[in-house]
Amino acid sequence: MVQREEEEGGGIMDLDEAIRQRRSIRKFKSDVPIPREHIEAIIQAGSWAPSSTNIQPWRFIVVEDRETIASMAQVVYDKFQALSKAALGKGEKRLAAFCRFLRSYTSFFADAPLLIVACTKPYENPVLKMPMSTVIEKTKALGDVGTDLTPIVMDTVQKSVAMALQNMLLKAHSLGYGTCAMDGPLAVGETMREMLGIEDDLELVMFIPMGVPESTDVEAPERMPVGDVIRYHSA
Ligand SMILES: Cc1cc2nc3c(=O)[nH]c(=O)nc-3n(C[C@H](O)[C@H](O)[C@H](O)COP(=O)(O)O)c2cc1C
């Protein structure tokens, strides 16, 4: 056990405990940095996730510079502020209120000591050697036999990244860090991309601020009963 802990960067925690106790954390001890050893153990945990045909399309941009993180959050805040004003200007009060909610929901990460931007590469297949949009076109041109390859050669990469991310959130939790999976900043994805110089072939998937939680006393949002989310198919 101790040997495994050392090899994997620490943090052995019961699986059920990790799953149940992980919370989205939105306030961090901003002066406690995360050592690279831990960052890499967290990304390593992500890389053990399943991915479509094991292509491992995930790529992670790790932002450690506090000023960059703070200015990214400020940009997101300002854009939602502008959107809320525009909605008010058109008399759209409910929409404006929603934008004001989003303003903080998407920009609370200003004080996080670390931000991981999870991206995906497009699906590639070494045998086919052609872009997947071409694969879809070509298969459609074969005639309608009732198939659509889009979910398995286009959208599949995002699903793979999401699988890696949950592993990462659990690993971070087991090491004592708080995280929050966020897609809010994607609303200003182009600006975020420019600020970080993200390569053109990468698609942004999720933003993960991370740090030691300011408080671990965070209430768990309720879950629906299993009976409400399950339907046994009857033949
Ligand atoms: C796809 C996705 C997008 C999310 N985006 C945001 C976000 O932009 N801002 C935020 O504060 N939380 C975001 N969350 C976190 C959810 O609000 C949170 O997971 C949910 O309320 C349940 O709380 P828990 O994670 O503490 O169990 C997101 C979660 C997921 C899975």
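**Exercise 1.** In this predicted model, determine whether Lys 129 is buried or exposed, and describe its backbone and its place in the fold.

*Solution.*
Step 1. The relative accessible area of Lys 129 is 72%, so the residue is classed as exposed; the cut-off for that class is over 50%.
Step 2. Lys 129 belongs to the loop that joins strand 2 (114–120) and helix 6 (132–141).
Step 3. Most residues other than glycine have a negative phi. Lys 129 is not a glycine, yet its phi is positive, at about 50°.

**Exercise 2.** Carry out the corresponding analysis for Thr 53: in which loop does this residue lie, and what is its phi?

*Solution.*
Step 1. Thr 53 is located in the loop between helix 3 (36–47) and strand 1 (58–63).
Step 2. Its phi is near 45°, a positive value in a residue other than glycine.
Step 3. With a relative accessible area of 59%, Thr 53 is exposed.

**Exercise 3.** Characterise the packing of helix 4 against helix 5.

*Solution.*
Step 1. Two packed helices are described by the angle between their axes and the distance between the axes.
Step 2. For helix 4 (residues 66–89) and helix 5 (residues 93–105), the axes come within 8 Å and cross at roughly 170°. Helix 4 is therefore roughly antiparallel to helix 5, since angles over 145 degrees fall in that class.
Step 3. On the side of helix 4, the contact is formed by Tyr 77, Phe 80, Gln 81, Leu 83, Ser 84, Ala 87 and Leu 88. Helix 5 contributes Lys 93, Leu 95, Ala 96, Cys 99, Arg 100, Leu 102 and Arg 103.
Step 4. By class, the residues of this contact comprise nine nonpolar, two polar and three charged.

**Exercise 4.** Classify the accessibility of Ser 104 and state how far it is from Gly 184 in sequence and in space.

*Solution.*
Step 1. Ser 104 is part of helix 5.
Step 2. Its relative accessibility is 43%, so Ser 104 counts as partly exposed; this value lies between the cut-offs of 20% and 50%.
Step 3. Ser 104 and Gly 184 are separated by 80 residues in sequence, while their C-alpha atoms are 9.8 Å apart.

**Exercise 5.** Describe the second largest pocket by its volume and its lining.

*Solution.*
Step 1. Rolling a probe the size of a water molecule over the atoms shows where empty space is left.
Step 2. The volume of the second largest pocket is about 240 Å³.
Step 3. This pocket is lined by 13 residues, of which Gln 21, Arg 23, Ile 25, His 173 and Thr 216 are the closest to its centre.
Step 4. The lining divides into five nonpolar, six polar and two charged residues.

Conventions:
Residues are numbered from 1 along each chain as its sequence is written. This is a predicted model: local features need pLDDT of at least 70, side-chain atom pairs count only at pLDDT 80 or more; totals for chains, interfaces and linings use all residues. Side-chain values use heavy atoms; hydrogens and water are left out. Axes are lines fitted to C-alpha atoms, for helices over the stretch in contact, and angles run from 0 to 180 degrees between N-to-C directions. Helices (H or I, at least four residues) and strands (E, at least two) are DSSP runs, numbered from the N terminus. Angles under 35 degrees count as roughly parallel, over 145 as roughly antiparallel, 65 to 115 as roughly perpendicular and the rest as oblique. Contact means heavy atoms within 4.5 Å. Ala, Val, Leu, Ile, Met, Phe, Trp, Tyr, Cys and Pro count as nonpolar, Asp, Glu, Lys and Arg as charged, and the others, Gly among them, as polar. On a 1 Å grid over the protein atoms alone, a cavity is a set of points where a 1.4 Å probe fits but cannot get out, and a pocket is an open set with protein on both sides within 12 Å along at least five of seven lines; lining residues have an atom within 4 Å of a point. Grid points are joined across faces, edges and corners, and a volume is the space filled by probe spheres set on the points. Buried means under 20% relative accessible area, exposed over 50%, partly exposed in between (1.4 Å probe, protein chains only).
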